[in-house]
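Visitor: I would like to go through a structure feature by feature. Could you show me how to read each one?

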Amino acid sequence: MQSAVPGMPPLLNGCVEIVLHEARGLPKTDNLGFTEGDPLCMVQDSQKRVLLKTKVVRKTTEPQWEESGIVSLVECGSLTVLIKDSDATSEDLMTKVILKADGKTLRPVLDGIPVTGWIPMDKQKAEVRISIKPLMHRCPGRLGVTNSRFPSNPGCRVTLYQSAHVGGERDYLPYLSQYNGCEGQGIGAKKRHVDPEHAFEADDDAEGARAFNPRNCWEELYVAILEARQFIYVVGWSVFTDVPLLRERDVKVKGYEELDGTKVILGDLFAMKAQEGVKVSVMLWREATSVGNDFASSDGVAGTFSEKTKAFFRSKEPPHVHCKTFLRQSESSMTLNKLCYTHHQKYVVCDAPALSDSRKPRRLIGFIGGIDLTKGRFDTPKKHLWGTADGWHKGDWYQACVPGVDEIDGKEQGCRQPWADIHAKIEGPVVRDLITNFEDRWLKQAGEKWSHALFDVDECDEILPREEDYVQDPDFHESWNVQFLRSIDHNSALNILGVEGGIHNAYDLAIERAERFLYLENQYFMGGSKSWKSHKGANILSNLTSLLAREEVQSINRIPLMIVNRIGRAIRENKRFSAYICIPMFPEGLPESAAMQEIIYWQYNTMEMMYSLIAQIIKNTSTQASPEDYLNFFCLGNREPEGPLAGMGTTSARKDVINNTRRHMIYVHSKMLIADDDYIILGSANINDRSMAGDRDTEVAIGAYQPHHSRANGVKFANGGVQAFRLSVWGEHLNEGGTVNSALYYPESKACVDYVNTKSYKAWKDHAGDLVQKQECHLMKYPIVVNPDGSIRPIQECFPDAPAAKIRGVESATIPDFMTS
């Protein structure tokens, strides 16, 4: 439970169960001492986040609540217990007590010992009885987060997607055919299939068989939408109705043979299903600057189209798609949080045909991950820059990092912004948990008056009950265990007390128990700000009012420190361990802008902190090694020497410069962790406090593994579907072609680290150099130099083609820190 960094004061970290039992001796609430209050109790962490909040007990000085919750503590120096008098308009403080992490009450918790008892408050006779129990993450024989709202579900199936579409570019990916006993999406297969959609190109004994087939995410989503008969739930940060899901080819679905899917946009697809009688409900983040009505229309500052999307569905013939948009928090009053924080969850859930017999009850499937159903997100393994302007991306040309690049009269004016993203299809009992999240959010934010837009899965005889909805026998070697995870609080969903931090807990657990390596792809990577060399910040607005910011840069999630701790343990034990972290070259937006530069600055501080701590451990243990033997950061980029607009740049404007240099970063939008080829986390959550805290952006994820291929089942080297997927992703990033280098099967090895670093450094030189040429591969070393003492410096002052965008970033003097951390 204690702080990860030597020399820091004791801090609480990890999961605890808090029970708020009762109070006694509370003061009366009027000056004469006659009126009893209506008390509720809440617990805050040292950052004033509400962790747990009880119901109100009316007219008493001795309330009994007996309410509990499991909460995640991150670098927490104290807990504050507050009792408030609640009425219709306000909550007034009655009494409180601050419990220091190293104080008498909480000191045992630091050592893993539960505490319970009466605690004096700051009023003369007031006391509160509470219990605090540390919860152990580890559970022998299984993976996943224990003591979580949503359990790990056996008997599931997971299909992993490395982009929105693969199609004809499958041959760009490695050819994985070694047998290891895992079917479907494993490296090798036996012919035992639950349904025909997972058929292989050839028998596993046939010469030239491809055992791992990369799949087409948006094509399979298109089929799922058309095959839905009862309901479709859509949760999105952004859903753009004009996006077509099919680009390369049409896909025929039974009952829709006359439909040309390449000409159908997403909004019309949902509207068509609603008119067929399917209950279609869409729940979106309401960006405050997005407007959509008969008189005005705006995509919003973040380009989410939320109100435009709602207006689109409203304009269709009834029965309508039920589309609601929500601000991040309760809309009873206007606060800055509602303007800054988002509903970032993204998934689709619907009913689907039975696996093998159409006469049997229907089942449930879900699509979850990082790919938004919005403009510009369709991408393929080659990550085209200019070449698809008249093809797949005609009408869907997107660029947010280079000003002036627009599609005018069907012609692009510059380079598109390519995307690297991860998504999954999940089948089995875990899908019910996605439905629960949708319904709890919908009812909390829309209210009971909109309950008619929900579909009662449990009361439908045409859908399998949960206890029968197993896609595969849990004992079958291909079966998956899948757990649904969230970052959310009581403001956004029913049945939550305080803050739910399941995603952060899952990352903590996966990193802590990893034995060989970690591979992370994420849109952002920052945390451990209390350990940065400079973390106070010089922000003017941050010091004006607590409404705008807190005392320090609030990027206190422990993920970077957990990685350092895990590497440190390997160094001290003289064992190999490697961490590979792939992030964007810079955040989406103009890289020289104040907000982007501040995000880059926080990430630079995080990298410097991690390398410095690892270097100190190496020095303390007299190990002959460098920090990059254990930890490496990467980004992705591409260069197209030939094609449309080549050499057409005639001005100093960046879009013209890029038309000449023919390069652009590939924007890493993934939110994925792979540990030991054993366990995978993917979803919508970034590695920053916005995503991990639970009281900022709302997020979802899944944690998944195959027990038959898991170290928890005695397997030394996991070699199932997770490994196959990682090798396919790495094969794409490293341009491995037909086969992957044997070192890539052992990411913890020094040989693998050297191989990846050599190729990625060559790719950076190809990308950043003056000679316009194809890159060695997409994967590039992040442009920093790591010194033996762990200090870092930029490999050059600014990012390519962005002479004002510093690689080390710059802290903003005006943007509140909590917006960028």
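Guide: We can begin with a pair of charged residues. K425 and E220 are both buried. Keep in mind that the model is predicted.

Visitor: What does K425 form with E220, and how far apart are the closest N and O atoms?

Guide: K425 and E220 form a salt bridge, with 3.3 Å between the closest N and O atoms. The two residues come from distant parts of the chain, 205 residues apart: K425 belongs to strand β20 (residues 423-427) and E220 to helix α2.

Visitor: How many salt bridges does the structure hold?

Guide: There are 42 salt bridges in the structure. One of them joins the side chains of R24 and E127, at 2.7 Å from N to O. This pair also links distant parts of the chain, with R24 in strand β1 (residues 12-24), E127 in strand β8, and these positions 103 residues apart. R24 counts as partly exposed because its relative accessibility is 33%, between the limits of 20% and 50%.

Visitor: Which residue forms a salt bridge with D433?

Guide: The partner of D433 is R466, and their closest N and O atoms lie 3.2 Å apart. D433 is in helix α6, while R466 is in the loop between α6 and β21, 33 residues away along the chain. D433 has a relative accessible area of 4%, so D433 is buried. R466, with a relative accessible area of 28%, is partly exposed.

Visitor: Which residues do salt bridges that share partners join into one network?

Guide: That network consists of E22, E66 and R129.

Visitor: Let us turn to charges on the surface. Which residues gather in a patch of negative charge?

Guide: The surface patch of negative charge is made of D456, E459, D461 and E462. E462 sits in the loop between α6 (431-446) and β21 (480-489). With a relative accessible area of 46%, E462 is partly exposed. A patch takes in residues with over 30% relative accessible area and no salt bridge, so E462 meets the accessibility limit.

Visitor: Now the strands. How do strands β7 and β8 run, and how many bridges join them?

Guide: β7 (residues 115-120) and β8 (residues 127-134) run antiparallel and are joined by six bridges. The connection from β7 to β8 is a hairpin of six residues. To follow the pairing, take P120, which stands opposite E127 in β8. Another pairing sets G117 against I130 in β8. E127 has already come up, as the salt bridge partner of R24.

Visitor: How should I read the backbone angles?

Guide: Most residues other than glycine have a negative phi, and most peptide bonds are trans. Exceptions to either pattern can be picked out from the angles.

Visitor: What is the phi of R662, and where is R662 found?

Guide: R662 is not a glycine, yet its phi is positive, about 60°. R662 lies in the loop between α10 (654-661) and β26 (663-668). Its relative accessibility is 1%, so R662 counts as buried.

Visitor: Is D677 buried or exposed, and what is its phi?

Guide: D677 is buried, because its relative accessible area is 2%, which is under the 20% limit. Phi of D677 is near 60°, a positive value in a residue other than glycine. D677 is located in the loop between β27 (671-675) and β28 (679-683).

Visitor: Which peptide bond joins P318 and P319?

Guide: P318 and P319 are joined by a cis peptide bond, with omega about 0°. P319 is placed in the loop between α4 (306-314) and β14 (322-326).

Visitor: One last feature, a contact between positions separated along the chain. What distance separates the C-alpha atoms of H165 and F378?

Guide: Those C-alpha atoms are separated by 7.0 Å, and the two residues are 213 residues apart along the chain. H165 is in the loop between β9 (152-161) and α2 (217-227). H165 counts as buried because its relative accessibility is 2%.

Key
Residues are numbered from 1 along each chain as its sequence is written. This is a predicted model: local features need pLDDT of at least 70, side-chain atom pairs count only at pLDDT 80 or more; totals for chains, interfaces and linings use all residues. Side-chain values use heavy atoms; hydrogens and water are left out. Patches are made of residues with over 30% relative accessible area and no salt bridge: like charges are joined within 9 Å, nonpolar side chains (Val, Leu, Ile, Met, Phe, Trp, Tyr) within 5 Å. Accessible areas come from the Shrake-Rupley method with a 1.4 Å probe; for residues, only the protein chains shown count as cover. A salt bridge is a side-chain nitrogen of Lys or Arg within 4 Å of a carboxyl oxygen of Asp or Glu. Lys and Arg count as positive and Asp and Glu as negative; His and the chain ends are not counted. The place of a charge is taken as NZ of Lys, CZ of Arg, CG of Asp or CD of Glu. Helices (H or I, at least four residues) and strands (E, at least two) are DSSP runs, numbered from the N terminus. Buried means under 20% relative accessible area, exposed over 50%, partly exposed in between (1.4 Å probe, protein chains only). Two strands pair if DSSP finds at least two bridges between them.
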